[in-house]
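This report concerns the model shown below. Please keep the sequence and the structure at hand while reading.

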Amino acid sequence: MLRFYSHLDAHSDVLKLFGEMSQCGVRPDAFVYPILLKSAGKDGRLLHAHLVKLGHCFDRYARNAIMDVYAKHGPVEVARKVFDEMSERSVADWNLMISGYWSWGKRVEACGLFELMQEKNVVTWTTMVTGYSRVKDPVRGRWYFDHMPERNLVSWNAMLSGYSRNGFAEEAVKLFNEMMAAGVQPNETTCVAVIMACSSLGDPCLAESLVKRLNERGVKLNCFVKTALLDMYAKCGSLEKARKVFDELGLYRNSFTWNAMVSAYARTGYLDSAKELFDQMPEKDVVSWNSMIAGYAQNGESICAINLFKEMIRNKDVKPDEVTMMSVISACGHLGALEVGNWTVDTLMQEGIRLSISGYNSLIFMYSKCGSIMDAKRVFEEMETRDVISYNTLITGYAAYGHGNKAVNLIHMMEDEGIKPDRISYIGALTACSHAGLLEEGREVFESIKAPDVDHFACMIDLLGRVGKLDEAKELVDKMPMKPHAGVYGSLLSASRVHKRLDLGEFAANRLFELEPENSGNYVLLSNIYASAGKWEDVERVRGAMRKVGLTKTTGWSWVEYRGKMHKFIVGDRSHDQSESIYTKLAELQKKMRTAGYVADENCVLRDLELEEKEEIVGSHSEKLAIAFALLVSEAGSVIRVVKNLRVCQDCHTAIKVISKMEGREIIVRDNNRFHSFSKGLCSCKDYW
DNA sequence: CTAGGGTTAG
């Protein structure tokens with residue numbers, strides 16, 4: 001009866017029946033243990049003592065089963081102890097031990113046993129192929145595949161999936177063709193591996209031809225294959241076909257099928273469809289939650305991601321893992337939500353989740369985006385091993401803070417550590433030099449790039465423009481070996497505004513009107529250049545042209561975090577609960593400014609009231625509203641952190657300096673690409689205007 | 001009656 005349940009994979013029934021058996025006082029014999037241990041999972045460890053007590057530990061099958069439990073669920077050292085205590089060992093015992101070492105990533109131990117082993121069989125060799133694939137090294141796995149004395153279908157499948165799981169899609173397809181040429185009849189597992197390879201190639205034509213070939217060969221498609229197929233269609237850009245497979249599977253769907261469909265919608269930004277399916281799922285596991293949370297996080301719905309995570313925590317059926325935490329931590333970074341971020345890190349500690357390099361990288365990202373660059377640096381330094389993304393994240397962080405030298409030093413440090421800087425590293429370092437006004441350092445970095453691409457030129461032109469070398473910047477634009485993109489002219493236009501170069505401003509703006517006619521920011525910049533030159537007719541002409549194309553200023557939002565909640569403002573916003581007090585505070589600030597003698601001048605705090613026909617919402621830019629709110633609710637003397645989705649405008653930049661001095665508060669504003677730290681009437685961004 | 005290959009999340 002136990003064996004009957006076991007064959008059906010009805011594990012809970014096996015355990016229940018065993019309980020009944022014990023209650024009836026029936027002593028289990030050695031035959032029972034392999035069956036029981038297979039169903040018990042990691043709880044099988046609890047049966048170990050029991051088994052020894054009853055004297056079954058000399059039975060070869062019982063011993064093999066207990067070894068299997070420790071090999072799969074750890075500690076693998078106990079499995080080895082059982083292995084060592086055996087007087088004679090079967091090939092199966094050796095194979096199990098080698099496989100156990102591989103599943104704990106212990107390459108040296110696995111290889112050691114393999115070398116010691118006398119009678120190797122096809123399973124032994126296949127275990128080595130799979131082992132190397134688990135440590136992401138299918139190339140070494142291929143050596144064993146090539147040298148094995150005999151191969152069977154499982155060996156081919158092991159090699160094939162080793163390639164496709166590790167991003168060696170072309171090799172997988174090639175091997176599949178070799179397999180067909182060798183006349184090996186494929187099965188469902190073969191199909192899954194090849195379909196996965198097509199998914200990662202994202203090639204719809206290859207996908208189509210593969211389905212055709214499978215149909216021709218009359219391979220029957222089980223749920224595994226159908227799910228892989230669904231995923232392939234989704235990744236090759238055909239959600240409709242994916243959905244069709246999903247619908248056709250009907251009741252044959254398993255949790256993988258549901259998860260694949262949810263993540264297909266979530267990845268592509270169809271968040272409502274994803275959520276609808278997510279809510280309908282019969283049972284949700286970690287992957288279901290992770291797919292949905294990642295979907296929100298990657299499509300700009302950071303708040304939704306965090307809320308869903310909170311729901312997951314309340315749920316208690318499912319424990320979050322590293323993947324969950326990475327999405328949530330990244331969402332906190334995008335929002336600049338440090339309170340929620342710190343709470344997330346606490347949760348991470350409580351749950352005892354260990355982080356891999358990518359996990360640490362997400363922490364570096366979050367701290368740097370939340371204005372805690374020191375914490376970002378601390379995490380970076382605490383890491384035992386770092387990858388190119390660790391460096392790039394911190395370099396990009398330094399760039400946003402204007403820490404030019406630190407960013408350049410990191411480039412050298414990564415080279416010393418044997419990690420090659422990539423295009424992102426150089427973009428970061430050049431941006432950092434630009435924000436810090438480090439012309440010579442930036443030049444040196446630019447010269448060191450072997451094949452600079454259009455973005456590197458854009459950064460260099462931005463740097464030249466910012467330090468006032470506009471003619472040299474224009475020369476570089478003309479000398480570029482490739483077609484300049486909008487970013488190049490955008491930098492030139494901004495620099496022309498700061499350094500009052502009407503000629504270059506007009507030149508850049510005209511290129512931009514062609515390249516990105518929908519971007520209203522370019523019209524605004526050009527009209528501001530005319531305004532500061534007193535050319536009011538031109539101002540009106542540009543604004544008229546902008547209205548004519550039907551463009552309005554892009555909406556700028558600012559937000560602050562208070563007690564774990566984001567408070568969001570738009571210019572002239574009156575929708576906030578504490579709106580009245582906020583406006584009173586704002587009026588009070590303005591009155592203070594006036595009496596302190598801050599009046600309209602070139603870098604004026606109050607000028608735009610006259611300019612912008614906004615009598616009613618005087619000075620109520622989103623940043624100022626957010627700061628006024630923070631001044632009302634936050635503890636005296638604490639740092640105020642504001643995030644804005646666009647650039648901080650000139651008026652606000654000047655105003656916030658004054659507010660920081662008058663109120664004695666440090667105010668950190670995060671732009672769309674940099675930090676402005678205001679303290680005692682000064683700002684960290686010396687280059688800004 | 002033991003050992004090797006399969007689908008989902010970043």
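## Strands β1 and β2

In this predicted model, strand β1, residues 557-562, is paired with β2 in the antiparallel sense, and six bridges connect the two. Within this pair, Glu561 has Met566 of β2 as its bridge partner.

Strand β1 is also joined to β3 by three bridges, and these two strands run antiparallel as well. Here Ser558 stands opposite Lys644 in β3.

## The sheet as a whole

Both pairings belong to an open sheet of six strands, arranged in the order β2-β1-β3-β4-β5-β6 with mixed pairing. At the edges stand β2 (565-570) and β6 (682-683); each has a single partner strand, so one side of each lacks a neighbour in the sheet. Strands of a sheet pair through backbone hydrogen bonds, in either the parallel or the antiparallel sense.

Strand β3, residues 640-644, is mostly covered, with four of its five residues buried. Its pairing with β4 is parallel and extends over four bridges. In this pairing, Val643 has Arg670 of β4 as its bridge partner.

## Two hairpins

Strand β4 (residues 667-670) pairs with strand β5 (residues 675-679) in the antiparallel sense through four bridges. The two strands form a hairpin, with four residues between them. Ile667 stands opposite Phe678 in β5.

Phe678 also has a bridge partner in β6, namely Cys683. Two bridges support the antiparallel pairing of β5 and β6. These strands likewise form a hairpin, with two residues between them, and Lys680 in the turn has a positive phi of about 50°.

## Helix α24 and its surroundings

Helix α24 comprises residues 373-382, and among its residues Ile373, Ala376, Val379 and Phe380 are buried. Viewed down the axis of α24, the buried residues fall within an arc of 120°, and they therefore line one face of the helix. An α-helix has 3.6 residues a turn, so residues three or four places apart point the same way.

The buried residues of α24 pack against three helices: α23 (357-369), α25 (388-401) and α26 (404-416). On the face turned away from this buried side, α24 carries the exposed residues Met374 and Glu382.

## Salt bridges

The structure contains 31 salt bridges. One of them links the side chains of Arg142 and Glu178, with an N to O distance of 3.5 Å. Arg142 belongs to helix α10 (residues 138-147) and Glu178 to helix α12 (residues 169-181), so this pair ties together parts that are 36 residues apart in sequence. Arg142 has a relative accessibility of 19% and counts as buried because the limit for that class is under 20%. Glu178, at a relative accessible area of 34%, is partly exposed.

A further salt bridge is formed by Asp146 and Arg151, whose closest N and O atoms are 3.9 Å apart. Asp146 counts as partly exposed at 41% relative accessibility, and Arg151 is partly exposed at a relative accessible area of 37%. Lys244 and Glu248 form another salt bridge, the closest N and O atoms being 3.5 Å apart. Both residues lie in helix α16 (residues 239-249), four residues apart, or about one turn of the helix. Lys244 and Glu248 are both exposed. Elsewhere, salt bridges that share partners join Arg142, Asp146, Arg151 and Glu178 into one network. Side chains of opposite charge can pair when their charged atoms come close.

## A nonpolar surface patch

Met1, Phe4 and Leu8 make a nonpolar patch of about 350 Å² on the surface. Leu8 is located in the loop between α1 (2-7) and α2 (11-23). With a relative accessible area of 54%, Leu8 is exposed, because that class begins over 50%.

Conventions:
Residues numbered from 1 in each chain as written. Chains lettered and ligands numbered in written order. Predicted model: local features only at pLDDT ≥ 70, side-chain atom pairs only at ≥ 80, totals over all residues. Heavy atoms only, no water. Pairing = 2+ DSSP bridges. Patch = residues over 30% accessible without salt bridge, like charges linked within 9 Å, V, L, I, M, F, W, Y side chains within 5 Å. Areas by Shrake-Rupley, 256 points an atom, 1.4 Å probe, with all protein chains shown as cover. Salt bridge = Lys/Arg side-chain N within 4 Å of Asp/Glu carboxyl O. Buried < 20%, exposed > 50% of the residue type's maximum accessible area, 1.4 Å probe, protein only. Arc of directions from axis to C-beta. Contact = heavy atoms within 4.5 Å.
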